[in-house]
Amino acid sequence: RGVLDTGSPFLTVPKSCSPQWGCWEGGYDPSGLDDTVEVYAADEGTVEWKKGLVSFGSFQNPQTGANMTWGEPGLVFGLLPNTLVRYSGGGGVFIGLVKYKEDDIRPTFLGQTSFQSLRFNFPEKQLFLSTKPLISKSIDAIKLADLRPLGDPVFHYACESNGVWVNGQLLAPEEGAPAAALLAAPRLGDGRPPPGMLDKKKTYVVFDTGCT
């Protein structure tokens, strides 16, 4: 039982036990990596980096109905102190699904596997991991933007946006444009102001299942 987090790169396991999440009972070996200080929500704590066998156990392939298993030995994961798991009720395995990173970041979970793509089925509470692309180039899909050149240490799942709207209000009007001018601007058929009223700076949206 774990939390699928598209905003995090790491596989992390709490040191503590809880009725909701259980305990880490498996063995592990030293990873050779130094401990690091990580920040989750408003808390920070020291994370120990270990390595060991990581397995999803036995599960059924929803397409073929066949029973399958998956496991990978020697995967690096983080052991979290109690200060970093209090928001999840004192426990919880977090399965970070961000794959690519900068060189000075600890190994990502997916970066240590052969998985190339992922897909969620939220109504059925299912995650699909595939060693092949799940979206063909012919499909009209959102193009992801790599924010690492802008200082992001990992390749978050993000895209460029024309503007961010909340409750019908544009959050990023053109720099220097007064609010009154924005409200008085003519509207397009879908209610948006014309492109000239949009922010000249680029706006990006990050898809993070670890946030609500």
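This report walks through the overall make-up of a predicted model, then its core, its aromatic rings and a few single residues.

## Overall make-up

The protein has one helix and 13 strands. Read from the N terminus, the order of elements is β-β-β-β-β-β-β-β-β-β-β-β-α-β. The helix therefore sits between the twelfth strand and the final one in that run.

The protein has 212 residues, and 34% of them are buried. Its accessible surface is about 13,500 Å². Carbon and sulfur atoms account for 54% of that surface. Take the contacts between residues at least 6 apart in sequence: 59% of these join residues at least 24 apart.

## The nonpolar core

The largest nonpolar core contains 23 residues. Leu11, Val54, Trp70, Phe109 and Leu110 have the most contacts inside it. Strands β2, β5 and β6 (67-80) each give at least two residues to this core. The largest share comes from β6, with six residues.

Phe109 shows how the parts meet. Its contacts, leaving aside neighbours within four places in sequence, include Leu11, Val54 and Trp70. Pro9, Phe10, Phe56, Leu75, Ile95 and Gly96 are also in contact with Phe109.

## Aromatic rings

How many aromatic pairs does the structure hold? There are eight. One of them joins Phe10 and Trp49 in an edge-to-face arrangement. Phe10 is in the loop between β1 and β2, while Trp49 belongs to strand β5 (residues 43-60), so this pair ties together parts that are 39 residues apart in sequence. Both Phe10 and Trp49 are buried.

Phe120 and Phe122 form another pair. Their planes lie at 10°, so the pair counts as stacked. Are these two rings buried or exposed? Phe120 is partly exposed, with a relative accessible area of 22%. Phe122 counts as exposed, at 57%.

The table sets the two pairs side by side.

| Pair | Centre to centre | Angle between planes | Arrangement |
|---|---|---|---|
| Phe10 and Trp49 | 5.0 Å | 65° | edge-to-face |
| Phe120 and Phe122 | 5.1 Å | 10° | stacked |

Ring pairs also link Phe56, Trp70, Phe109 and Phe115 into a cluster. Trp70 and Phe109 are also among the core residues with the most contacts. A charge meets a ring as well: the charged end of Arg119 sits over the ring of Phe128, 4.6 Å from its centre.

## The loop between β1 and β2

Two residues stand out for a closer look here, Ser8 and Phe10.

Ser8 lies in the loop between β1 (2-5) and β2 (11-14). Its relative accessible area is 9%, so Ser8 counts as buried. A polar atom of the Ser8 side chain is 3.3 Å from the backbone nitrogen of Phe10. Beyond its neighbours within four places in sequence, Ser8 is in contact with Gly96, Leu97 and Val98.

Phe10 is in the loop between β1 and β2 as well. Its relative accessibility is 8%, so Phe10 is buried. Which residues does Phe10 contact, leaving aside neighbours within four places in sequence? They are Glu38, Tyr40, Trp49, Phe94, Ile95, Gly96, Ile105, Arg106, Pro107 and Phe109. Phe10 and Phe109 are 99 residues apart in sequence, yet their C-alpha atoms are 5.3 Å apart. Gly96 appears among the contacts of Ser8 and among those of Phe10.

## Two residues in other loops

Trp24 lies in the loop between β2 and β3 (29-30). Its relative accessible area is 30%, so Trp24 is partly exposed. Not counting residues up to four places away in sequence, Trp24 touches Val13, Pro14 and Phe77. Its C-alpha atom is 8.9 Å from that of Val93, 69 residues away along the chain.

Gln116 is in the loop between β7 (93-96) and β8 (117-121). Is Gln116 buried or exposed? At 47% relative accessibility, Gln116 counts as partly exposed. Leaving aside neighbours within four places in sequence, Gln116 is in contact with Lys99, Tyr100, Ser130, Thr131 and Lys132. Pro133 is 17 residues from Gln116 in sequence, and the two C-alpha atoms are 6.3 Å apart.

How values were computed:
Residues numbered from 1 in each chain as written. Predicted model: local features only at pLDDT ≥ 70, side-chain atom pairs only at ≥ 80, totals over all residues. Heavy atoms only, no water. Helix = DSSP H or I, 4+ residues; strand = E, 2+ residues; numbered from the N terminus. Buried < 20%, exposed > 50% of the residue type's maximum accessible area, 1.4 Å probe, protein only. Polar contact = N/O pair within 3.5 Å; in protein donor to acceptor, adjacent residues only side chain to side chain. Contact = heavy atoms within 4.5 Å. Phe/Tyr/Trp six-rings, centres within 6.5 Å; stacked < 30°, edge-to-face > 60°. Lys NZ or Arg CZ within 6 Å of the ring centre and 35° of its normal. Core = buried A, V, L, I, M, F, W, Y, C linked by side-chain atoms within 4.5 Å. Areas by Shrake-Rupley, 256 points an atom, 1.4 Å probe, with all protein chains shown as cover.
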